[in-house]
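Biologist: I have a fold in front of me and no idea where to start reading. Could you walk me through it?

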Amino acid sequence: MTRSPSSLSHHVAIIGGGPAGLMAAEVLSQAGVRVDLYDGMPSVGRKFLLAGVGGMNITHSEAYPAFLSRYAERAPQIAPWLRDFDAQALCQWIHGLGIETFVGSSGRVFPSDMKAAPLLRAWLKRLREAGVVIHTRHRWLGWNADGSLRIQHPEGESAVRPDAVLLALGGGSWARLGSDGAWMALLAPRGVQVAPLQASNCGFEVSAWSELLQSKFAGAPLKNVAIGLNDDTPRLGECVITAKGIEGSLIYALSASIREAINLHGQGTIHIDLLPGKPRDKVQAALAKPRGSRSMAKHLHSQLGIDGVKAALLRELTPATTFNDPASLAAAIKALPLTLVKPRPLDEAISSAGGVRFEALDERLMIRQEPGLFCAGEMLDWEAPTGGYLLTACFASGRRAGHGILQWLAEPRRPLAK
């Protein structure tokens, strides 16, 4: 690519080699800006690669209004990113790397080989060919007194003074892959508004399971159920009973609401419909049939197909007297209450909520009080369920920040704020 002299005079440092940072690097390098990308890990994209181990879910094919709604109260802030780079644009971009995609039965979009590594390799090759210099094992430590960046590396420490900086350091989950939230301590003293990091897309704990349930059913999948919180319409799906509580895709989808209930009230109670395909009156009618000498366990199995972990949960969470009344038992089967008392630790979570508040940023994702300092990706204060929504917004935010940096660089030159 031919670079103009004015473009080549600009130098941008990107801190963080995840999807947001790499996407910003692409936007900037294609415009002829000199880009140095720093990452503290031995290689970039480590969380991206791990997310693809079970099948790289890159985005989702659902219609835009439903897609945008997945970002809940942050939808208004994220909408401009997606208008510029939505799920369809992301798929086209992936195709441009020579990677085909397909839509699964759930509406989720995957690379044709279900793997993240080929996509990342092709992308890094293109970035390097565009002139992006990637520095691994280079950790950002904050600022020197003169406003330059402190970069720690195996040979010591260097001072870097670019024209603009993008922070794309991820949230606080999976610290072993580089997203450790250490940047919070570097930004807060400068007066940057940040919300505390909290677990998102995570499992939750109960006060205690019985020894029987814990020993026999920890790790058991709870399939074909619906779960709701408060008066919300229950969601269909599956989850997993753990030694200390419950986790899995259905719980992850509700994690923000469950977490907020716990923050407000010290606990959150979900209701599990063990038979979402059968109306309550039919469940009650089946339970009211004479069972003769058969045990209640056999009656539940023969009439409703309830056994295994579903039967164990029903016993665990329902008073014994309930089993003597078909109406009460039917009510329990259709809305079994499970009280959750705390999320699992942040470092176990798939993603995190909290981070740099949008109120601290302008529409270009530049920190208002720090001209030339931009933020993107999961380190911003938003969250979304799994299903491709997290990655899509990370890519889109990096693109937004990249264009924002270009716009800022085109304005009259100014030094980076100290």
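**Reading the fold, one feature at a time**

Modeller: Let's start with one helix: the buried residues of H7 are Pro118, Leu119, Leu120, Trp123, Leu124 and Leu127. Keep in mind that this is a predicted model.

Biologist: Why would buried positions in a helix come at that kind of spacing?

Modeller: An α-helix has 3.6 residues a turn, so residues three or four places apart point the same way. Here, Leu120, Trp123, Leu124 and Leu127 are among the buried residues of H7.

Biologist: What covers the buried residues of H7?

Modeller: The cover includes helices H2 (19-30), H3 (46-51), H6 (87-96) and H15 (389-410), along with strand S6 (133-136).

Biologist: And how do I check the length of a helix like H7?

Modeller: Compare the end-to-end reach with what 1.5 Å a residue would give. H7 runs over residues 117-129, and its 13 residues reach 18 Å from first C-alpha to last, close to the expected 18 Å. H15 passes that check too: 22 residues reaching 32 Å, close to the 32 Å expected.

Biologist: Is H15 mostly covered or mostly open?

Modeller: Mostly covered, with 16 of its 22 residues buried.

Biologist: Let me zoom out. What should I look at for the whole chain?

Modeller: Begin with the inventory: 15 helices and 20 strands. The C-alpha atoms fill a box of roughly 90 × 45 × 40 Å along the principal axes. Of the 418 residues, 52% count as buried.

Biologist: How much of the contact network links residues far apart in sequence?

Modeller: Take the contacts with a separation of 6 or more: residues 24 or more positions apart account for 70% of them.

Biologist: What about surface and charge?

Modeller: The accessible surface comes to about 18200 Å², and carbon and sulfur atoms hold 52% of that. For charge, count the side chains and then ask where each set is centred. The chain has 44 positive and 37 negative side chains, and the two centres lie 4 Å apart.

Biologist: How many aromatic pairs does the structure hold?

Modeller: There are 12. One of them is Phe48 with Phe395, an edge-to-face pair at 6.3 Å centre to centre and 90° between the planes. That pair links distant parts of the chain, since Phe48 sits in helix H3 and Phe395 in helix H15, 347 residues apart.

Biologist: Are those two rings buried or exposed?

Modeller: Buried means under 20% relative accessible area. Phe48 has 5%, so it counts as buried, and Phe395 is buried as well, at 0%. Elsewhere, ring pairs link Phe67, Tyr71, Trp81, Phe358, Trp382 and Tyr389 into a cluster.

Biologist: Next, backbone angles. Where do I find a positive phi?

Modeller: Start with a glycine: Gly131, just after H7, takes a positive phi of about 100°. Then look for residues that are not glycines. Trp174 has a positive phi of about 60°, and Trp174 lies in the loop between strand S10 (164-167) and helix H8 (184-187). Another is Asn201, at about 50°, in the loop between strand S11 (194-200) and strand S12 (204-205).

Biologist: How accessible are Trp174 and Asn201?

Modeller: Trp174 counts as buried because its relative accessibility is 13%. Asn201 is buried too, with 1%.

Biologist: I always look for cysteines first. What do you make of them?

Modeller: Ask what each one touches, leaving out its sequence neighbours. Cys202 lies in the loop between S11 and S12 and is buried at 3%. Beyond four places away in sequence, Cys202 touches Ile251, Tyr252, Ser255, Pro343 and Ala349.

Biologist: And Cys375?

Modeller: Cys375 lies in strand S20 (373-375) and has a relative accessible area of 0%, so it is buried. Its contacts, not counting residues up to four places away, are Leu166, Leu167, Val356, Leu361, Leu365, Ile367, Leu380 and Ala401.

Biologist: One last residue: what surrounds His299?

Modeller: His299 lies in helix H12 (296-304) and counts as buried at 1% relative accessibility. With residues up to four places away left out, His299 touches Ala286, Leu287, Lys289, Pro290, Arg291, Arg294 and Leu304.

Conventions:
Residues are numbered from 1 along each chain as its sequence is written. This is a predicted model: local features need pLDDT of at least 70, side-chain atom pairs count only at pLDDT 80 or more; totals for chains, interfaces and linings use all residues. Side-chain values use heavy atoms; hydrogens and water are left out. Helices (H or I, at least four residues) and strands (E, at least two) are DSSP runs, numbered from the N terminus. The expected span of a helix is 1.5 Å times one less than its number of residues. Buried means under 20% relative accessible area, exposed over 50%, partly exposed in between (1.4 Å probe, protein chains only). Contact means heavy atoms within 4.5 Å. Accessible areas come from the Shrake-Rupley method with a 1.4 Å probe; for residues, only the protein chains shown count as cover. Lys and Arg count as positive and Asp and Glu as negative; His and the chain ends are not counted. The place of a charge is taken as NZ of Lys, CZ of Arg, CG of Asp or CD of Glu. Rings of Phe, Tyr and Trp (its six-membered ring) pair if their centres lie within 6.5 Å; planes under 30 degrees apart count as stacked, over 60 as edge-to-face and the rest as tilted.
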